[in-house]
Each structure stands twice: as C-alpha cells, then as structure tokens.
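Colleague: Could you walk me through this structure? I would like to start with one loop and then move on to the helices.

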Amino acid sequence: MNGPKLRVLQIDLTERRVGVLPADGLEHYLGGIGLAAKLFAGLVDVQAAPLDAHQPVVLAGGALAAFFPMCTKGVAVFRSPLTGGWGESYAGMRLALALRLAGWDAIVITGRADRPVYLSIGPHGVRFKSAAALWGLDCEEAGRLLRQLEPGRGFRSCLRIGPAGEKGVAFASVNVDTYRHFGRLGLGAVLGAKNLKAIVIYGDRDYPVPQPKQYREIYDQIYRQAVRTDVMEKYHALGTSVNVSVLSELGALPTRNLQQSTFEAAERISGRAFAEGSLVRKVACAGCPVGCIHIGLRRRQFAPGYEYESVALSYDHELIYALGSLLGMSSPEKVYDLIEAVELYGLDAISAGVLLAWLTEAQQNGLLREEDLGCWLEFDRVEGYLKVLENLVEQPSELYALLAQGLARAVERLGGKEYALCLGGHEMAGYHTGPANLLGLAVGARHSHLDNAGYAIDQKASKNGWDSARMVHEIMAEEKWRNVLNCLCICLFAREVYTPAVVQKALAAVGIERTGEELMALGEEIFQLKNRLRSQLGYSSERLYFAPRYFATPALGRQIDPAQLQEMLELYRQQAGV
C-alpha cells in the first residue's frame with residue numbers, strides 16, 4: 001500500500017473528471033483482488049449489461065509490489081462480456097511497478113468517452129488524450145506509437161487494445177507492455193465499449209522501508225530461493241511450455257478439440273523444440289529475477305528470392321496448447337503464425353483456439369458449411385484459421401457476429417454442445433487430468449486453472465488415492481489461499497516461495513503486521529465476497545453443463561466418471577454455498 005491510507009484514483013470518461021475515491025476501512029485487504037473486489041462491489045450495476053457505460057473497471061496492485069521479488073502482478077476486475085458474470089484477470093510486466101511509482105493502490109474507470117481517447121496517468125495527474133490516430137491500429141503498432149508519445153521510459157506501463165476490443169469481440173484481451181496480457185474474460189471489449197484505446201501509467205515516487213534490517217533479511221531469503229534453488233528453475237529453463245510433452249506422455253494434453261489426450265506431434269511443438277529452434281531471449285516482469293517469459297523468433301519468406309521478415313513472439317504452454325495441439329498443429333512455425341494473429345488483433349489466445357477447434361469439428365460434422373465460414377477448416381492447416389480470426393474481428397456476417405460473442409453463445413444457437421469445450425461459459429485451459437480439473441474450472445471464480453489448480457489435485461489424487469471429499473477439500477483450500485496471494489498480487493509461479501510464514505515476514509518488513517490466522521481469514525472472506533458477487537451477476541452452479549466429450553476422452557489414462565464429478569459438485573455446493 002502507498003501509506004497508512006489507501007489511494008484510489010477515480011476516472012469518469014463521460015465527464016472527463018478525475019477524483020480520489022474514499023477507501024477508508026479497506027486497508028485490511030492488502031490491495032489486489034480484495035481491494036478490487038470490494039471497490040467493484042460498491043459500483044457495479046447488476047441490472048446493466050457488461051458493456052454498459054456505467055460499469056466499472058478496477059485496476060489494483062498489491063501491498064508488496066516493487067518491494068519484493070515476484071510481487072509483479074496487477075489485477076483487473078470487471079463484468080465479463082463473455083460470460084455476463086464476474087471478470088477477474090491478472091497481468092505482469094511493469095504494471096505493478098508503475099502503479100506503485102504513480103502513487104496509486106487502485107484505479108477505477110467508469111463512463112464512456114464521446115470519442116476514442118487514451119489515458120496518460122503520471123506525476124502531473126491524469127490527461128485525456130485523443131486516440132483518433134491510434135483507433136484501428138493493432139496492438140503492436142499502437143504500443144510502438146505510445147512509447148514514442150509518452151514519457152517515463154523504464155518506469156511506465158502501457159496497456160492497449162487491438163481491433164478485437166474496438167469491435168466488441170467478447171474475448172478480446174488487453175496487451176500489457178507487449179509480452180503480457182489481461183487475457184481472459186474480455187476486458188478488451190469492455191475498454192473498447194468505453195472508447196478507451198489505451199492507458200499509460202508512470203511515476204517517480206519513492207518509499208522508505210520501515211524495517212530495513214528485517215527487510216533485507218527476508219528479501220535475501222526470497223531472492224536466494226528464487227535464483228539459487230530449483231523451485232523456480234522450471235519457469236526459467238524451458239518455461240511452462242515444458243508441460244506440452246509431459247502432459248502428452250501422461251495422457252492429459254487436449255488435442256484436436258479433445259478427440260485425443262495424447263498428441264503424436266507433441267515433441268515437434270514441445271518446449272524443447274521451441275527453445276532449440278527459435279528461442280532468442282528470456283525477459284522478466286519488473287522486480288522479478290526469474291525471467292520466465294520466453295521470446296521466440298518467427299522468420300519467414302514473404303516474396304521470392306532472399307526476401308525475409310521476422311517477428312519476436314512470446315510463447316508458453318497455454319498458447320501452444322490452444323493454438324497448437326488443440327488444432328493439431330505439427331510445427332512451431334504454424335503455432336507462431338496463429339500466435340502472431342491473436343496478438344495483433346488483441347484476442348484471448350485460449351478462447352480463440354478453443355473456438356477454432358470447435359468450428360473445425362462442426363464443419364466436419366456438417367453443422368457448418370464452407371460457404372458459412374468462407375473457408376474450410378482442417379486440423380494442422382493454418383490458412384483457414386487465419387481467415388476465421390480475421391473475420392471474427394471484422395464480423396462480415398451474422399454468423400461471425402455470433403461467433404465473436406464466444407463459444408458458449410454460438411452453441412446455444414448452432415448446436416454442437418456435446419463437443420464444445422466450455423466450462424461455466426469460459427473456454428477450457430490446457431489440461432485434461434480428471435474430475436478435479438473439470439470441477440475446478442467450472443466453479444472457480446474466473447473459471448481458470450489458476451483459481452485452484454484442479455489439474456494438480458487430480459495428479460495428487462491419483463498417486464495418493466484421495467476420494468471425492470478430499471479432492472473437494474483441496475480445491476477449496478487452494479482457492480482460498482490463492483486469494484491471499486492475489487491480494488498481494490504475487491505471481492502464482494512463486495507460490496511455493498511465498499508460504500504463509502514468508503508472507504507474514506515480508507508484510508512485517510514493510511510495516512504491516514498480520515498473523516497466520518488473519519491471513520487465512522482474509523482468504524475465506526474474499527472467497528465468500530466473490531461468490532456473493534458472482535451470484536448477483538447471475539452465476540449458478542446448478543446450471544453448469546459438462547460436455548460428453550470430457551467423459552469420452554481418457555484423462556491420465558482413464559475415463560472420468562460422470563457420477564463422481566456430480567458427487568464432487570454436490571459436495572462443493574454444500575460447503576461453498578454457491
């Protein structure tokens with residue numbers, strides 16, 4: 001936090017008015033998701049649509065941001081245009097640092113500008129600047145121009161949307177400093193509806209550390225564990241893309257729209273294949289010593305002769321899953337071409353890939369014709385997918401306008417629900433491990449594998465013989481503790497470093513005393529707060545639907561039992577009250 005009192009910046013785009021929002025009594029949330037959820041709860045209109053001008057967007061950082069390694073995330077809370085419900089997303093790079101240096105614990109944005117604008121937030125205050133010249137530009141070009149226009153190099157964060165957000169694609173993302181994103185649940189469409197192309201944040205504040213000796217000791221402990229042990233090695237070495245071949249060997253890698261859970265070409269698009277064939281560097285979020293962001297070089301010929309171009313793109317497991325194995329892609333070059341397209345348009349890669357996979361099977365099953373989409377789709381062929389991505393943004397037909405609202409709405413109108421990989425209205429992440437993963441994605445606050453790690457609980461259950469009750473207990477316990485980590489906006493890759501004891505010591509070093517019991521109570525409070533908000537926004541676990549495809553394709557080598565999943569869902573409802 002920026003001092004004894006929280007500092008929350010309020011921006012009204014309609015009136016072009018700026019103020020400071022009272023936040024007395026919210027200090028115990030420690031920032032992050034707790035602060036953002038509480039601010040959102042006081043401002044959201046549960047009767048209004050997600051893209052209504054009055055709906056708020058809340059950005060927040062955590063109390064340890066810029067003080068300790070790997071406390072690098074910023075959180076965004078909004079009403080999701082994809083699901084109609086709770087929207088929660090996280091992004092790294094320099095956002096947390098910039099919020100800290102600008103002196104704000106959170107920023108609340110409401111209203112709709114009468115013409116395209118971008119916000120410049122710095123020591124001078126807030127400026128509303130015309131985005132007329134930026135509107136229509138892709139994320140890369142818009143970012144390049146903003147970096148030239150705005151001051152604060154090295155201490156600023158640049159958030160921007162692409163054409164997908166401007167055109168209201170329900171799974172449009174927000175690009176953060178080129179290589180990170182508010183990817184999931186459609187924040188890009190929300191900003192587009194507000195005529196807000198970009199937000200640039202920078203500052204020059206500094207902060208004294210109240211307990212320097214204590215601070216140095218716990219800082220060194222965290223740093224040493226991050227760089228001198230193997231706790232973070234996976235993320236620095238091959239990165240999360242190491243999971244591609246591992247999951248395929250385990251029988252847990254969704255492939256060809258989950259027609260398979262192993263992929264015969266997994267080694268060709270594995271983390272090792274990407275690293276040995278195209279990795280050019282690793283980068284890190286501001287304040288992180290790990291360097292988990294892997295940047296590869298896609299080189300291609302664009303004309304006869306020696307006419308080549310190259311583009312640097314970040315890759316990780318989820319991208320290689322959604323735009324790789326799920327579409328049957330057999331080479332890194334093909335995956336890169338799809339990554340580049342979703343990056344430039346500003347689309348969520350996972351939602352886009354799952355939709356493309358479903359469209360492929362829908363065409364094969366005769367649900368859609370070639371003339372409906374304007375192209376024929378086949379697994380392992382890039383050209384048709386690039387055409388569909390372009391049309392999702394341009395929306396040249398009623399069909400594409402429907403598809404731009406996401407897979408769940410498409411299958412309501414078109415059918416094909418039995419092989420649509422949606423859970424709670426949100427497209428599936430890259431794991432097919434068992435019932436805990438399915439339940440975790442369906443009931444998690446943002447329907448993300450990062451809510452409760454159901455994929456890991458499946459693997460532990462398989463080794464240890466856990467029953468349904470134990471798995472449900474683990475899912476709930478994990479989600480509650482992750483709420484604490486997300487209040488502090490600690491990167492979840494570092495969750496094994498930031499144990500409850502370490503979190504206590506780190507907070508004490510910056511003058512915030514919390515007992516272990518108080519931290520656990522905070523996790524429980526946010527769990528309940530989010531569930532209340534989700535219910536108000538229309539979420540009900542009784543309406544969950546699990547496609548037959550999940551039970552037809554083996555997970556970790558065995559079929560998922562629908563009866564066991566239903567039993568776990570009932571246990572979760574009873575204990576969580578949703």
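Modeller: Certainly. Asp-177 sits in the loop that links strand S10 (174-176) to strand S11 (180-182). Please keep in mind that this is a predicted model.

Colleague: What is the phi of Asp-177 near?

Modeller: Phi of Asp-177 is near 55°, which is a positive value in a residue other than glycine. Most residues other than glycine have a negative phi.

Colleague: And is Asp-177 buried or exposed?

Modeller: Asp-177 counts as buried, because its relative accessibility is 4% and the cut-off for buried is under 20%.

Colleague: Where else is there a positive phi in a residue other than glycine?

Modeller: Met-93 has one, with phi near 60°. Met-93 belongs to the loop between strand S5 (86-91) and helix H2 (95-102). Met-93 is buried as well, at a relative accessible area of 7%.

Colleague: You mentioned helix H2. Which residues does Leu-95 contact, leaving aside neighbours within four places in sequence?

Modeller: Leu-95 is located in helix H2. With those neighbours left aside, Leu-95 is in contact with Gly-74, Ser-157, Leu-159, Val-176, Asp-177, Phe-182 and Ile-201. The list includes Asp-177, the loop residue with which we began.

Colleague: How far apart are Leu-95 and Ser-157 in sequence and in space?

Modeller: They are 62 residues apart in sequence, while their C-alpha atoms are 5.1 Å apart in space. Leu-95 is buried, with a relative accessible area of 1%.

Colleague: Let us turn to Leu-191. Which helix holds it?

Modeller: Leu-191 is in helix H5 (residues 187-193). Not counting residues up to four places away in sequence, Leu-191 touches Val-57, Ile-161, Val-174 and Leu-196. Its relative accessible area is 4%, so Leu-191 is buried. Along the chain Leu-191 and Glu-166 are 25 residues apart, and their C-alpha atoms are separated by 7.9 Å.

Colleague: Now the packed helices, please. How does one describe such a pair?

Modeller: One gives the angle between the two axes and the distance between them. For helix H17 (residues 435-443) and helix H24 (residues 562-576), the angle is about 45° and the axes are 10 Å apart.

Colleague: Why are H17 and H24 called oblique?

Modeller: The angle of about 45° is neither under 35 degrees, which would be roughly parallel, nor in the range of 65 to 115, which would be roughly perpendicular. H17 and H24 are therefore oblique to each other. Their crossing is right-handed.

Colleague: Which residues meet there?

Modeller: From H17 there are Pro-435, Ala-436, Leu-438, Leu-439 and Val-443, and they meet Gln-564, Leu-565, Met-568, Leu-569 and Tyr-572 of H24. The residues of this contact divide into 9 nonpolar, 1 polar and no charged.

Colleague: Leu-565 is in that list. How far is Ala-362 from Leu-565?

Modeller: Ala-362 and Leu-565 are 203 residues apart in sequence, and from C-alpha to C-alpha they are 27 Å apart in space. Ala-362 lies in helix H12 (residues 349-364) and is buried at a relative accessible area of 0%. Apart from neighbours within four places in sequence, Ala-362 is in contact with Leu-367, Leu-368 and Tyr-419.

Colleague: What about helix H1 and helix H22?

Modeller: Helix H1 (residues 32-43) and helix H22 (residues 516-536) have axes that come within 10 Å and cross at roughly 35°. The crossing of H1 and H22 is left-handed. On the H1 side the contact has Ile-33, Gly-34, Ala-37, Lys-38 and Ala-41, which meet Ile-526, Leu-529, Lys-530 and Leu-533 in H22. That contact divides into 6 nonpolar, 1 polar and 2 charged residues.

Colleague: One last topic. How many disulfides does a search of the whole structure find?

Modeller: The search finds 0 disulfides. A disulfide is a covalent bond between the sulfur atoms of two cysteines.

Colleague: Why is there no bond between Cys-487 and Cys-489?

Modeller: The closest cysteine sulfur to that of Cys-487 is in Cys-489, and it is 8.1 Å away, which is too far for a bond; the cut-off is 2.5 Å. Cys-487 counts as buried, because its relative accessibility is 0%. Cys-422 also counts as buried, at 11% relative accessibility.

Notes: Residues numbered from 1 in each chain as written. Predicted model: local features only at pLDDT ≥ 70, side-chain atom pairs only at ≥ 80, totals over all residues. Heavy atoms only, no water. Axes fitted to C-alpha atoms, helices over the stretch in contact; angles between N-to-C directions. Helix = DSSP H or I, 4+ residues; strand = E, 2+ residues; numbered from the N terminus. Left-handed = near helix turned anticlockwise from the far one by under 90°. Contact = heavy atoms within 4.5 Å. Nonpolar A, V, L, I, M, F, W, Y, C, P; charged D, E, K, R; others polar. Buried < 20%, exposed > 50% of the residue type's maximum accessible area, 1.4 Å probe, protein only. Parallel < 35°, antiparallel > 145°, perpendicular 65-115°, else oblique.
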